Amino acid sequence: MLTYVLRTLLRMAITLFLIVTLVFFATRLSGNPVDFVLGEGITKEDRDLLIAYYGLDSSIGTQYLRYLSSVFSGEFGLSFLERRPVSEIVLERAWPSLKLLLSAVCFTLVVSIPLGILAAIYRTSIIGSVVMVVAFLGYAVPSFIIGILLVLIFAYTLNWLPVIGDGTALHFIMPTLAISGMLVAAITRFTRNAMLDVLSQDYMRTARAKGLPEWIVILKHGLRNASITLLSVVGLQIAALAASGSVVVEAIFAWPGIGDLLVRSAILRDYPVLQFGVLSVAVAVIVINAVVDIAYAFADPRIRLAKG
Amino acid sequence: MTKLLATTALASLMATSAFATELTVGAANVSSYLDPGRDHSNVGSQFYYNAFDTLIAKNHDTTETEWQPGLATEWKLIEPTIMELKLREGVKFHNGADMTADDVVFSLNRMYQADFPPYQVRARDRLENFEKAEKVDDHTVRIHAKRPEPLWETLLNLQQVMIIPEDYTKSLAGDPDKLEHDDFEAFSLKPVGTGPYKVAEFVPGQTVVWERFDDFWGEKAPLDKVTVKHIPETASRITALKTGEADIVTNIAPDQLQLIENDPDMKAVGSATALFHVMIMNVNHPKLKDARIRQALSLAIDRDTLNEALWGGKAVVPSTHTLKEFGELYQPELTTFEYNPEKAKELLKEAGYDGFEITYDTAPGYYTNGLLAAQAIMEMWAEVGINGKVNVQDKWSGNSPDMMTRNWSNPMYFADPFGCFGVMWAPNGPSESEGRFNTDEDYAKSWEQFRYSGDIELRRAAYAELMERIKQDPPMLPLYRPYESWAMKTNVNWAPKPGHIPYVLDFRAGSISFN
């Protein structure tokens, strides 16, 4: 078990190191902040003055080494534009994004697991087909289209829901629906397939033969076994969403989240914020994967024992 | 006692319901920092006028130049290079401190004698002629210029020399009695001024909240509270107006105006912004050294058609680098730039243009309609036989020797040709120092007269000479003054005032009302 944990940690460390390096060089390739907002209408000498003030005048290798050593000592630097610690800026924005992510995950699980089970049980009837068509649509339509349609209907036309920010519970409805579309579609399909696999197993027949009511057979024997497959899929989907999914949706709903922050920092070339922001998202994805791994082990005794 | 309670309750109820006026603004962009000294961006300009004052104020209702007392009540030249100003008494900063001559000297010298790089950069082009400010007594200061200054009032009305508190600023970072660079950095997150609104909350890039400052020296602010929220998407900004989440929204694209005009709940106001979108041409590019080729590039562009197609005819196409905000220095009678495809063809022939490719750099979304204009310009160039190619990239290429042509903007930083053309095209200014524009002794001589002459007629004549130089050996072409719109609920009466620099959100007394 210890070697397993150590190996996992080492792999995480290497992944993070690669991400830090990649982001560092990718941002530097795209110009510097003085070329953009800070530098409109100033002379070359003044440009150099600002570049030096922001510590961008040394060679890229030196900057990289300086950055690495500060990262190892837990210092992620100050934003070029706001001149306060990037950790403070990113944390300020992480919570709204996390709330939205949790909201979307809860909604997805509550909706798509029953739908998936329904689609599996009624796979030959019209119910099954309708569920699958809807799921397919959800998968095919991008989140920003769903978002804009929701805004058009429920805010612009009907004026039922607020569109800006994360102030109240009502504010969560449209962004949650918008980013859940793809997730609901994916999880519904996976639930259906997993259930179909399980439904044809011998132990299901045995359970029925014992005279258990059908709903107990489905939920206890069926879903429990299907959940093993589901867990890893849900984990991957959430991780993908955390990494990329909400940038556009946050822009549409003026959500004060990390997606909005990353876009702005990229446009303004605020490297320290961008670096720490991407790193934080990467850590979040790695943590989610680790949590899923553990949950997986709990759901399936065979894995727990094999890894021991 | 019961009666007293009831009266108090009633009074507070009335105060909140009947008289409380709050406003929410949905802005396409919110600043990352708020310090009037270091900033001259279009995004930043929105936020300073409500919270800060200058020594000399200006009537913003007109494009005519009309100076008014600000934090200084009187000012006079006591020597050709020394201005003495009497300061207004009883002025308070938002933190409760009294404004004294020390604060004024501190604010001015932070720019005049800057050693903080963001201030140095901002002061260089416009405040170079100012040596120092000094205190005479608690309510009198003197400002020393290096040489006689024809633009005293203009340059004391700048956003960059708005007044900030000395003790407060010094206390922000490190040693509370010492001035460090970090004090200025900290100030830009917790700004304090003397204006009718204080900045009650500032989340960089997200939110600015102004609250009425009851100790303001002048006419009290008409609103209790204004919240500016960042709403990046145009569609969401318009929807926020519709749902009542915003009262005013900024930066409405020209193609969205119809939607707003057709809706009884909303209206739009706009103006041709006091800035030019320009095309710049690298005079030192080996293939563009011949002025005739650059003249042809300019003559081939039908700017009126660009205006009709991209701005619905609402932009303004200039005949020379001039804006009506310049007052007595507005010179629309000069014709430096025109559309003449026949002449363009002739010039190309004379110059022996052999069809080599001419690139035009543009960022994908930085300027409204920037990419569309670039594509249309390629078609216009093709009409006269120029082989143009749009090069879409995010990076600023104006300092690259390989840059041939690209788009740029020349904002009016203050209402004088020195504050627009002058900032960008001065000898050794940004354009020349980036190696894409050359000046010589003659240019510098005309420049001297334009910048420092005390005689308006001589300044006008010198500016005409500079424009003639630009015409003969063109480094740029102003395309148009873009049209910028704000949308609001029908019951809000607000419009950008003609005497401001671009984009100022002015909510002072007399600037906003409700039906």
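Which residue of β10(B) does Glu211(B) stand opposite? Keep that question in mind while you open the structure, which is a predicted model, and begin with chain B.

**First stop: the sheet**

Select strands β8, β9, β10, β1, β11, β18 and β12 of chain B, and you will have an open sheet of 7 strands, which lie in just that order and pair in a mixed fashion. At its edges are β8 (197–203) and β12 (266–272) of chain B, each of which pairs on one side only. If you turn the view slowly and follow the strands across, the twist from one strand to the next averages 20°.

**Second stop: β8, β9 and β10**

Now narrow the selection to β8(B) and β9(B), which run antiparallel and are joined by 6 bridges. In this pair Lys198(B) stands opposite Glu211(B) of β9(B). The hairpin that these two strands form has 3 residues between the strands, and in this hairpin Gly205(B) takes a positive phi near 75°.

Add β10 (residues 225–230) of chain B, which pairs with β9 (residues 207–212) of chain B in the antiparallel sense over 5 bridges. Here the opening question finds its reply, since the residue that stands opposite Glu211(B) in β10(B) is Lys225(B). In general, the strands of a sheet pair through backbone hydrogen bonds, either parallel or antiparallel.

**Third stop: a helix on the sheet**

Next select helix α8 (residues 234–243) of chain B, which packs on the sheet and touches β1 (22–27), β11 (248–252), β12 and β18 (483–489) of chain B. The direction of α8(B) makes about 155° with that of β11(B).

**Fourth stop: the side that touches chain A**

Show chain A as well, and look for the 36 residues of chain B that are in contact with 34 residues of chain A. On the chain B side, the elements that give two or more residues are α4 (117–126), β10, α8, α14 (421–425) and α15 (430–433). The largest share of this side, 6 residues, comes from α8(B), the helix that you have just seen packing on the sheet. Coloured by class, the chain B side divides into 13 nonpolar, 14 polar and 9 charged residues.

**Last stop: two crossing helices**

Finally, select α11 (residues 303–311) and α13 (residues 370–383) of chain B, whose axes come within 11 Å and cross at roughly 140°, which means that α11(B) is oblique to α13(B). The crossing is right-handed. Show the side chains of Leu306(B), Ala309(B) and Leu310(B) on α11(B), and of Leu372(B), Ala373(B) and Ala376(B) on α13(B), for these residues make the contact. By class, this contact has 6 nonpolar, no polar and no charged residues.

Note on methods:
Residues numbered from 1 in each chain as written. Chains lettered and ligands numbered in written order. Predicted model: local features only at pLDDT ≥ 70, side-chain atom pairs only at ≥ 80, totals over all residues. Pairing = 2+ DSSP bridges. Helix = DSSP H or I, 4+ residues; strand = E, 2+ residues; numbered from the N terminus. Axes fitted to C-alpha atoms, helices over the stretch in contact; angles between N-to-C directions. Contact = placed C-beta atoms within 7 Å. Nonpolar A, V, L, I, M, F, W, Y, C, P; charged D, E, K, R; others polar. Parallel < 35°, antiparallel > 145°, perpendicular 65-115°, else oblique. Left-handed = near helix turned anticlockwise from the far one by under 90°.
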